[in-house]
Amino acid sequence: MSFKNPSVIVVLEENLWEDKISDVSQKAELILKDAWKFAFENGGEIPEKGTAEISVFLINDARIKELNKEYRGIDKPTNVLSFPALDTDEEIKITDDMTYLAGDILVSLETSEKEAMEEGKSLMQKVQPAAG
């Protein structure tokens, strides 16, 4: 792995994701890697050193509602929550042996599926831009 090709950790907390999207863990990994690449191709500077890691949690409405209330004070589910590992505008110096923990992305099945239906999209089409 490198900074240009981050390590993606997919945590499947809601097994119904596999029923809705086959190979969802591998697809989530590819989506996040594409989003990472896109971000740096459009203005971000990619360090030549170090590695990067991103985590995605595929969860349900009950869990995302709990987290949305805890962290944003909003007592309802949402499709996506993201938590950057660092909350700083300071430049970070990446070293050869450093792993940059980019943060966590949480995606809720039920809300994403509901929104996809309302928008006339498949669930995969709905969650793909969530990573970008």
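**A tour starting at Asp61**

Select Asp61: this residue is buried (under 20% relative accessible area, 1.4 Å probe, protein chains only), yet it has no salt bridge (a side-chain nitrogen of Lys or Arg within 4 Å of a carboxyl oxygen of Asp or Glu). Lys114, the nearest side chain of opposite charge, is 7.6 Å away; here Lys and Arg count as positive, Asp and Glu as negative, with His and the chain ends not counted.

Before moving on: you're looking at a predicted model, where local features need pLDDT of at least 70, side-chain atom pairs count only at pLDDT 80 or more, and totals for chains, interfaces and linings use all residues. Residues are numbered from 1 along each chain as its sequence is written, and side-chain values use heavy atoms, leaving out hydrogens and water.

Now show the side chains of Ser108 and Thr111. Asp61 joins Ser108 through a polar contact of 2.4 Å and Thr111 through one of 2.7 Å. Such a contact is a pair of N or O atoms within 3.5 Å; within protein, one must be able to donate a hydrogen and the other to accept it, and residues adjacent in sequence count only if both atoms are side-chain atoms.

Next, colour helix 4 (residues 109-118; helices are DSSP runs of H or I, at least four residues, and strands runs of E, at least two, numbered from the N terminus). Thr111 is among its buried residues, along with Leu109, Ser112 and Ala116. Just past helix 4, stop at Gly120, whose phi is positive, near 70°.

Finish at Phe57: its bridge partner in strand 4 is Leu106.

Definitions and conventions. Buried < 20%, exposed > 50% of the residue type's maximum accessible area, 1.4 Å probe, protein only. Pairing = 2+ DSSP bridges.
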